[in-house]
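Me: I'm new to this structure and would love a close look at one part of it. Could you pick out a pair of oppositely charged side chains, walk me through it slowly, and then show me what else is worth seeing?

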Amino acid sequence: MSRFRVAVLTVSDTASVTASADTSGPALVALFSGHENFTVADAAIVPDDVGRIRATVLDWVARQGEDKVDFIVSTGGTGFGPRDTTPEALGPLIERHSPGLVHLLLSFGLTKTPMAVLSRPVAGTIGSALVLTLPGSEKAAREGFEALVGGKGVIKHALALITGRGGEKMHAARKGACGHGEPHAHGAPRPRTGEVLSHDPAGPVSARHRKSPYPLLHLSGALQLIFEHAPELETAELKVDAKLRGHVLAEDVFAATDIPLAPTTNVDGYAVVASATPPGTYPLAMSSPLPPGHIARINTGSALPAGADAVVMVEDTLVKSTSSDGEEQSIEVLAEVEKGENVRQAGSDLRKGQRTLAKGTIVTDVGGEVGTLSFVGKRKVLAHRKPTIAILSTGNEVVDLHDASAGPLQPGQVYDTNRLSLRAALESKGYDVLDLGIVTDSMDILLGALRKGLAQADVVLTTGGTSMGEADLLKPAIERHLGGAVHFGRVAMKPGKPTTFATIPGQQNEKDKVVFALPGNPASALVCLFVFVLPALRKMSGVARDAWELPRLPATLTTAFPLSDRPEFHRVHLEPTGAGFVAHSTGGQRSSLMASMAGANGFVCLPALGDGQKKGELAQGEKVEVLLVGGL
């Protein structure tokens with residue numbers, strides 16, 4: 001049997017700055033290098049940072065061929081210190097946990113020191129790699145190696161089973177020796193709800209489904225499942241600045257003080273005592289309180305000097321005398337003002353304790369909400385976190401538009417339209433997008449990309465691979481490898497029938513992750529983004545229930561629209577007129593015709609043909625409902 005390839009990861013803030021401080025990593029590298037069953041494929045040092053830990057491990061897991069890593073061992077970050085987050089980083093990535101290996105490490109450690117109970121090891125598989133965490137001290141790392149590799153060769157047996165190298169022979173031998181007849185549970189986790197309906201990609205092509213096993217749902221039923229299973233994300237204190245756009249407030253906001261705190265002027269002019277300042281000439285005061293018989297120059301927004309109770313506008317005055325350097329000395333007042341004139345009284349904008357913004361308010365791009373928060377001196381505010389979306393396209397035929405090495409399109413190839421259009425739409429709505437690129441029709445490569453997306457984002461959005469072909473791998477990947485639940489796999493609509501919605505169980509305190517697998521045809525993908533994905537994102541962002549779906553407006557058709565056997569979202573340009581909105585068709589509506597989305601700002605919601613009908617239409621002048629997806 002060939003040697004198992006090991007990667008060693010040291011997790012330490014200190015060692016990430018000063019590599020010489022790392023003693024446990026080099027010790028493990030030496031121990032594995034000196035053992036006949038292992039070869040060290042890589043070693044790295046990262047700080048105690050969840051993102052860096054995950055990124056390094058996922059990079060190792062994704063390696064294939066001669067660079068493939070079989071066994072990943074981390075050292076450090078497993079205790080109870082405030083920066084000890086290795087279990088939190090790797091636990092959610094593990095697909096098949098191994099409590100037995102955890103028990104082995106703890107029980108062996110307790111034979112050495114009672115302090116072993118303070119370690120928090122995790123162990124299990126990510127893809128086809130075994131991942132295991134050890135403490136950060138060199139002594140504990142060496143003891144962990146002894147527990148795993150010494151004695152009965154537990155790790156060798158585990159790796160043989162995981163990688164398929166001699167696992168069947170070892171199983172047979174152990175079964176004969178021990179006499180147990182029950183197979184080990186080496187399969188992937190089952191989905192939490194329902195049964196696995198997807199085909200097994202490892203089986204023969206002839207065994208694939210000829211008819212989809214997924215029920216065909218009505219649009220309302222599909223949306224109901226999305227709203228039931230897409231989780232609302234946690235809240236956080238966020239800085240009040242332009243980046244707050246799109247977030248939903250998770251607290252009521254109150255004025256901490258009266259605004260303004262004291263009387264101020266709303267014009268440029270001169271502060272006066274109204275009852276003692278009839279039209280006439282007055283000397284200019286330079287101090288507060290205002291001396292009797294004087295007036296004071298004042299600018300818009302400034303507080304009135306003590307004693308003043310009104311302001312004469314600068315337009316109602318003349319300069320009567322100046323100093324040698326041109327400064328005003330005396331002013332002629334031309335108009336008489338009343339007490340309080342041109343004055344904003346204390347608390348006249350907001351009273352202390354007055355609610356200025358309600359919990360659930362969406363911070364819009366108009367700027368009013370950010371301005372109001374600033375107005376009351378709110379530097380940070382509790383708000384819902386917005387989901388991050390990872391996007392990827394699937395298919396051997398898909399070519400990156402900006403890949404200069406790809407050359408001219410060959411027969412059967414298409415440019416990847418979906419990633420660019422979906423990203424443009426999502427980022428225009430204020431969401432952060434992680435671009436995972438194009439994934440070929442390989443289960444291993446697909447799973448690597450999905451795991452990366454699940455580790456770094458709240459929602460994974462894929463296009464292609466959702467239909468009935470032998471290379472349509474999304475549903476099997478979700479159900480058979482990621483332990484996910486496919487809540488629906490078909491919707492009675494046009495375009496977008498094979499749209500799939502699933503959730504992947506969260507680990508520990510993490511929320512479930514959401515997966516939308518959209519059709520590969522570009523018009524279908526973009527329609528489904530607005531119909532399904534954006535409502536889910538709004539729900540996850542803490543938006544109120546009545547605003548999850550996009551708004552709908554009544555409109556009049558400018559031409560006849562043909563009907564289909566399924567409800568259809570016909571792409572239109574919605575135009576306001578003096579008689580209301582009118583809807584202009586964007587032309588051909590094939591699901592592959594991306595040009596039907598150019599200029600579209602709405603979808604007409606067309607009903608399906610009636611029973612027994614073969615043809616039908618909505619006539620010119622008919623009143624329809626339009627889903628608003630763009631600006632008017």
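Reply: Let's start with Asp435 and Arg423, whose side chains meet in a salt bridge, with N and O 3.7 Å apart. Keep in mind as you look that this is a predicted model. Asp435 belongs to strand 23, residues 433-439, while Arg423 sits in helix 11, residues 418-428, so their contact ties together parts that are twelve residues apart in sequence. How covered are the two partners? Asp435 has a relative accessibility of 29% and counts as partly exposed. Arg423, at 31%, counts as partly exposed too, because that class covers the values between under 20% for buried and over 50% for exposed.

The pair also belongs to something wider: salt bridges that share partners join Asp400, Asp416, Arg419, Arg423, Glu427 and Asp435 into one network. As a general point, side chains of opposite charge can pair when their charged atoms come close. The whole structure holds 26 salt bridges, and two others make good company for the one you have just seen.

One of them links Arg54 and Glu510, with the closest N and O atoms 3.3 Å apart. Here Arg54 lies in helix 3 (residues 50-62) and Glu510 in the loop between strand 27 (500-504) and strand 28 (513-518), so this bridge ties together parts that are 456 residues apart in sequence. The two ends have unlike surroundings: Arg54 is buried, with a relative accessible area of 10%, whereas Glu510 is partly exposed at 29%.

The other joins Arg344 to Asp349, and there the closest N and O atoms are 2.4 Å apart. Arg344 is partly exposed, with a relative accessible area of 27%, and Asp349 is partly exposed as well, at 33%.

From charged pairs, let's turn to a nonpolar part of the surface. Phe80, Leu110, Met115, Val117 and Leu118 make a nonpolar surface patch of about 540 Å². If you want one residue to find it by, try Leu118, in the loop between helix 5 (99-110) and strand 5 (123-126). Leu118 counts as partly exposed, with 45% relative accessibility.

Next come the empty spaces, beginning with an open one. The second largest pocket holds about 540 Å³ of space. It is lined by 21 residues, and those closest to its centre are Gly246, Ile362, Ser428, Lys429 and Arg538. Sorted by class, this pocket's lining has ten nonpolar, six polar and five charged residues.

Finally, look at the enclosed spaces. There are two cavities of 30 Å³ or more, and the largest cavity has about 50 Å³ of space. Its lining is made up of Leu219, Leu223, Phe530, Val531, Pro535, Glu549, Leu550, Arg552, Phe569 and Leu627. Which helices supply at least two residues each to that lining? They are helix 9 (219-229) and helix 14 (522-540), and helix 14 gives the largest share, three residues. By class, the lining of the largest cavity has eight nonpolar residues, two charged ones and no polar ones.

To retrace your route, go back to Asp435 and Arg423, and follow the shared partners out through the network to Asp400, Asp416, Arg419 and Glu427, which are among its members.

Methods: Residues are numbered from 1 along each chain as its sequence is written. This is a predicted model: local features need pLDDT of at least 70, side-chain atom pairs count only at pLDDT 80 or more; totals for chains, interfaces and linings use all residues. Side-chain values use heavy atoms; hydrogens and water are left out. A salt bridge is a side-chain nitrogen of Lys or Arg within 4 Å of a carboxyl oxygen of Asp or Glu. Helices (H or I, at least four residues) and strands (E, at least two) are DSSP runs, numbered from the N terminus. Buried means under 20% relative accessible area, exposed over 50%, partly exposed in between (1.4 Å probe, protein chains only). On a 1 Å grid over the protein atoms alone, a cavity is a set of points where a 1.4 Å probe fits but cannot get out, and a pocket is an open set with protein on both sides within 12 Å along at least five of seven lines; lining residues have an atom within 4 Å of a point. Grid points are joined across faces, edges and corners, and a volume is the space filled by probe spheres set on the points. Ala, Val, Leu, Ile, Met, Phe, Trp, Tyr, Cys and Pro count as nonpolar, Asp, Glu, Lys and Arg as charged, and the others, Gly among them, as polar. Patches are made of residues with over 30% relative accessible area and no salt bridge: like charges are joined within 9 Å, nonpolar side chains (Val, Leu, Ile, Met, Phe, Trp, Tyr) within 5 Å. Accessible areas come from the Shrake-Rupley method with a 1.4 Å probe; for residues, only the protein chains shown count as cover.
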